[in-house]
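Open the model in your viewer and keep a selection box ready. The tour starts with the whole chain and then moves from stop to stop.

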Amino acid sequence: MRTSKLVWLLLAAATVASAQPAGRVVVPYPPGGSIDTMARVIAGKLAEATGRSFVVENRAGAAGAIGSASVKGGPIDGSLVLIAPDSNISVYPATVTKPAYAPLEDFVAIAHTGDYRIALTVHPSVPAQDLKSFVAWTKSQPDAVGYGTAGAGTNLHFYGVLFAQVSGANMKHVPYRGSGPAVIDLIAGHIPAVMLPFGSQLANFKAGRLRMLAQTGENRAASAPDVPSFKELGYPMLAFPGWYGIFAPAATPAELVNRYNDVIVKAIRTPEVRERMRAVELEPREMSAPEFQAFVKADTERWASIIKASGFTPGTE
């Protein structure tokens with residue numbers, strides 16, 4: 001009888017566990033790309049640590065604002081987390097007059113999940129072999145030279161604005177609905193330049209379909225050592241990367257936030273995850289949850305200053 005009772009209890013526990021709704025890792029962009037890769041890594045590691053299955057939910061739209069806003073006010077039991085880039089956290093509040101969410105109030109920062117470089121890239125037909133000659137070429141054009149990005153109000157947009165301001169380049173922003181369409185138009189020659197994540201352009205660069213002039217890393221990337229950094233070319237103000245991070249709805253208990261941070265940090269230390277990050281040109285940076293929260297606050301203040309100085313007029317959404 002005792003054995004039968006134990007078996008019954010174990011079966012009951014298994015039934016309860018299987019009935020538990022799956023957790024969600026929200027990605028505010030379509031499937032594919034480095035942020036989606038990291039979302040699937042994190043979902044797997046959280047599932048291993050908690051015994052709860054986690055699914056990746058891609059909720060694209062409005063340059064990431066729709067998916068990000070969907071996490072606001074969500075459950076605080078650890079079943080819902082958001083993976084988002086700095087564009088949707090640090091940059092967003094300064095780009096709209098009526099934000100759908102307030103990142104510092106509506107979310108709690110859990111863990112940093114990788115830095116990414118951003119590159120200024122041109123079509124091979126552009127008669128500029130380096131950054132200096134590109135700036136000179138833009139100044140010689142009767143109209144401003146368009147540079148494509150993944151959308152208005154993204155960090156990519158303002159990297160371009162900042163570069164134009166400090167270099168004097170005659171450039172204008174051309175927003176696209178994501179990095180993919182911008183790269184396609186660049187390769188086709190429909191637009192002369194883009195400011196996009198380095199990793200999303202690397203394969204086409206190596207195939208000779210486009211020319212990278214500079215990237216935002218502190219130094220050169222091992223995967224493309226011929227591409228200089230903005231810093232070494234005299235633009236140290238552009239030597240800061242973009243980043244991805246994991247967030248939960250505000251009021252998620254600190255013990256749970258710290259536990260998830262520990263799971264993610266330990267995962268990023270493993271050779272398996274490091275290799276997956278290298279494959280999409282992400283560089284790890286280890287932080288505790290409080291350190292990451294402070295980092296996000298400081299980054300938000302920095303971007304607010306950059307955006308204000310750019311003269312950008314915020315939209316309504």
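A contact here means heavy atoms within 4.5 Å. With that cut-off, take the contacts in the protein chain whose separation is 6 or more: 77% of them join residues 24 or more positions apart. This is a predicted model.

**Whole chain**

Show the cartoon. The secondary structure comes to 12 helices and 11 strands. The radius of gyration is 21 Å, close to the 20 Å that the globule rule gives for 317 residues, so the chain is as compact as a globular protein of that length. Align the view with the principal axes: the C-alpha atoms fill a box of roughly 90 × 40 × 30 Å.

Switch on a surface. The protein chain exposes about 14,300 Å², and carbon and sulfur atoms supply 57% of that area. Buried residues make up 49% of the 317 residues.

**Stop 1: helix H12**

Select residues 289-310. This is H12, with 22 residues. From first C-alpha to last, H12 reaches 31 Å, close to the 32 Å expected at 1.5 Å a residue.

Which residues of H12 are buried? Colour Ala289, Phe292, Phe295, Val296, Asp299, Thr300, Trp303, Ile306, Ile307 and Ser310. They cover an arc of only 140° around the axis, which puts them on the same side of H12. Rotate to the other side, where Pro290, Lys308 and Ala309 are exposed.

Now add the partners of the buried residues. They pack against helices H4 (86-91), H5 (103-106), H7 (155-167) and H10 (254-269). Strands S4 (107-116) and S10 (242-249) are packed against as well.

Step just past the end of H12. Gly311 takes a positive phi of about 85° there.

**Stop 2: helix H6**

Select residues 131-140, which form H6. Begin at the start of the helix. A side-chain oxygen of Asp130 reaches to within 3.4 Å of the backbone nitrogen of Lys132.

Next, colour the buried residues of H6: Leu131, Phe134, Val135, Trp137 and Thr138. Their arc around the axis is only 160°, which puts them on the same side of H6. Lys132, Lys139 and Ser140 are exposed on the other side.

What do the buried residues of H6 pack against? Display strands S5, S6 (145-149), S7 (171-175), S8 (193-197) and S9 (211-215), together with helix H7. H7 also appeared at the previous stop, among the elements that the buried residues of H12 pack against.

**Stop 3: His123**

Stay in this area and select His123. His123 is found in the loop between strand S5 (118-122) and H6. Is His123 buried or exposed? The cut-off for buried is under 20% relative accessible area. At 15%, His123 counts as buried.

Show side chains. The side chain of His123 makes a polar contact with that of Ser125, at 2.8 Å. Then expand the selection to residues farther along the sequence. Leaving out residues up to four places away, His123 touches Leu186, Ile187, Ala188, Gly189, Ile191, Pro192 and Arg211.

**Stop 4: Ser79**

Select Ser79, in the loop between helix H3 and strand S3 (80-85). Ser79 is buried, with a relative accessible area of 11%. Its side chain makes a polar contact with the side chain of Asp77, at 2.6 Å. Expand again, leaving out residues up to four places away in sequence: Ser79 touches Gly23, Arg24, Arg52 and Phe54.

**Stop 5: two alanines with positive phi**

Most residues other than glycine have a negative phi. Check the backbone torsions at the next two selections.

Select Ala62. Its phi is positive, about 55°, although Ala62 is not a glycine. Ala62 lies in the loop between strand S2 (54-58) and helix H3 (65-69). Ala62 is exposed, with a relative accessible area of 54%.

Select Ala251. Phi is near 80°, again positive in a residue other than glycine. The loop that holds Ala251 runs between S10 and H10. At 60% relative accessibility, Ala251 counts as exposed. S10 and H10 are also among the elements that the buried residues of H12 pack against.

**Last stop: Pro99**

Select Pro99, in the loop between H4 and H5. Pro99 is partly exposed, with a relative accessible area of 39%. Finish with a distance label from Pro99 to Leu156. Their C-alpha atoms are separated by 19 Å, and the two residues are 57 residues apart along the chain.

How values were computed
Residues numbered from 1 in each chain as written. Predicted model: local features only at pLDDT ≥ 70, side-chain atom pairs only at ≥ 80, totals over all residues. Heavy atoms only, no water. Helix = DSSP H or I, 4+ residues; strand = E, 2+ residues; numbered from the N terminus. Expected span 1.5 Å × (residues − 1). Buried < 20%, exposed > 50% of the residue type's maximum accessible area, 1.4 Å probe, protein only. Arc of directions from axis to C-beta. Rg over C-alpha atoms; globule rule 2.2 N^0.38 Å. Areas by Shrake-Rupley, 256 points an atom, 1.4 Å probe, with all protein chains shown as cover. Polar contact = N/O pair within 3.5 Å; in protein donor to acceptor, adjacent residues only side chain to side chain.
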